[in-house]
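Student: I would like to go through the labels attached to a model and see what each one rests on. Please set every value against its definition.

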Amino acid sequence: MSEVLALYGGPKAVQADPGDIFDWPIITQEDRDAVMDVLERRAMSGTEVTVEFEKEFAAWQGTRYALGFSTGTAALQAAMYGCGVGVGDEIICQSLTYWASCLQVYSLGGTVVFAEVDPDSLCLDPADVGKRISDRTKAIMCVHYMGYPTDMDAILEIARPRGIKVIEDVSHAQGALYKGKKVGTFGDVAAMSLMSGKSLAIGEAGILATDNLEIYERALSLGHYERFNDSIQTPYLREALGLPQGGYKYRMHQMSSAMGRVQLKYYDERCAEIQKAMNYFWDLLEGVPGIKAHRPPKDSGSTMGGWYAAHGLYRPEELGGLSVTRFCQAVSAEGCAISPGANMPLHSHPLFNTVDVYGHGKPTRIAHSDRDVRQPQGSLPVTELMPSRCYSIPWFKHYRPEIIEQHAAAFRKVAENYERLLPDDPGNPEGLGGWHFFRHR
Ligand SMILES: *Cc1c(COP(=O)(O)O)cnc(C)c1O
């Protein structure tokens, strides 16, 4: 079908007023009341609301313990510490992720070894993980990237016989299922962000979940000094109760915990509507050249949870080599604002190559290593290719077919008229990626 692209003066594919379809989180009077109660009781720094939230979260997640944190960054650091990651230890993580999946390992004296992602799931490629194991590997960090569940069976098959701990970074995937079971329950411990942009959004906060008492108590010991008390059962941890082992203060702000209790109550119901809306969007685009859904196969029992930071996969070879940058310009001009790229891969950043953060006299990445684990540009070819093969898609929070159909029509129109875009294609810029899609209203 030949239509004039909006980029060249044609009518926009998206005409409908989006209303509140993109607004998130959904805030009702119940959230306001819960937060105001904490404020008026001047209970911001207490723990009683947080403890209630933790109990409810643990029941929802399906783990014995849950522990609230000030941020997801802190919760993930505590998960690493909980697993015993320390001086000279390595964790394996994907490079295509937000920095807080791994960077905190430096503060524990450890380092990170990056593994490739699978180009369809954008999560750890288990076969590549297997090749990165060394006698220093302490943990594998599984990021359920942009909502897609990591292939946990394959990861556990590698980790279990070797006694390697498995941590899940669930920041993008709260409530997602892997083969019918919630992510966050497969590894030794899960930790995640609950900050305002995430699908379970409660302010600035993080949470850790585990069935393992020792991991829970170690995680608590790092930065929850007022709860690091006589209740601790792990014998060796009882030596120094009362002060935080890490010298951190990681307590969750109770206005967040209060909001969390309300958000959690409605989360599954809201996610179900998001899933219906997002799956409808992709169903409409099934078979369109150049674009491919980033979602698990329908009969797999796996789901995308709340579809945080939803992205699509791009196949430039099906569109005459059209760059994803030009493709996104054209879709955006149709009234559907999207951005090219995904996260910038971490491994080429100076912080993972040259920077001496703590004055070790050598780069922090290898401060305690007996070999050079650094990975120069070019060493992770699949990962490095991914930003040029991804683009953000609209994150629909409600199933409103007409609006969703118009957004899908924008993608279809551009894909079907790609030839018109080839002559003016500027190509992709250097260092495509980042968090362009994350915007405050
Ligand atoms: C947001 C995020 C974090 C960090 O959480 P904060 O709450 O922002 O500290 C960690 N990992 C991933 C994958 C994230 O997206």
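Tutor: What follows takes helix packing, the ligand site and two backbone features in turn.

Tutor: This is a predicted model, in which local features need pLDDT of at least 70, side-chain atom pairs count only at pLDDT 80 or more, and totals for chains, interfaces and linings use all residues. Residues are numbered from 1 along each chain as its sequence is written, and side-chain values use heavy atoms, with hydrogens and water left out.

Student: Why is helix 2 called roughly parallel to helix 7?

Tutor: Helix 2 (residues 48-61) and helix 7 pack at an angle of about 25 degrees, with their axes 8 Å apart. That angle makes helix 2 roughly parallel to helix 7, since angles under 35 degrees count as roughly parallel, over 145 as roughly antiparallel, 65 to 115 as roughly perpendicular and the rest as oblique. Helices here are DSSP runs (H or I, at least four residues), and strands are runs of E of at least two, numbered from the N terminus. Axes are lines fitted to C-alpha atoms, for helices over the stretch in contact, and angles run from 0 to 180 degrees between N-to-C directions.

Student: What is the class make-up of the contact of helix 2 with helix 7?

Tutor: By class, this contact has seven nonpolar, four polar and five charged residues. Ala, Val, Leu, Ile, Met, Phe, Trp, Tyr, Cys and Pro count as nonpolar, Asp, Glu, Lys and Arg as charged, and the others, Gly among them, as polar.

Student: Why are helix 7 and helix 10 called oblique to each other?

Tutor: Helix 7 (residues 254-284) and helix 10 pack at about 40 degrees, with their axes 9 Å apart. Helix 7 and helix 10 are therefore oblique to each other. The contact involves, among others, Phe281 and Leu284 of helix 7 and Ile404 and Phe411 of helix 10, where contact means heavy atoms within 4.5 Å.

Student: What makes helix 8 and helix 10 oblique?

Tutor: The axes of helix 8 (residues 324-333) and helix 10 (residues 401-416) come within 9 Å and cross at roughly 130 degrees. Helix 8 and helix 10 are therefore oblique to each other. On the helix 8 side the contact is made by Phe327, Ala330 and Val331, and on the helix 10 side by Ala410, Phe411, Val414 and Ala415. By class, that contact has seven nonpolar, no polar and no charged residues.

Student: How do you know that aspartate 169 makes a polar contact with the ligand?

Tutor: A nitrogen atom of the ligand is 2.8 Å from an N or O atom in the side chain of aspartate 169, and a polar contact is a pair of N or O atoms within 3.5 Å. Oxygen atoms of the ligand are involved too: one is 2.8 Å from a polar backbone atom of glycine 72, and one is 3.1 Å from a polar side-chain atom of lysine 198.

Student: What makes the peptide bond from tryptophan 24 to proline 25 and the phi of leucine 122 worth listing?

Tutor: Most residues other than glycine have a negative phi, and most peptide bonds are trans. The bond from tryptophan 24 to proline 25 is cis, with omega near -10 degrees, and proline 25 sits in the segment before helix 1 (29-40). Leucine 122 has a positive phi, near 65 degrees, and lies in the loop between strand 3 (111-115) and helix 4 (126-132).

Notes:
Polar contact = N/O pair within 3.5 Å; in protein donor to acceptor, adjacent residues only side chain to side chain.
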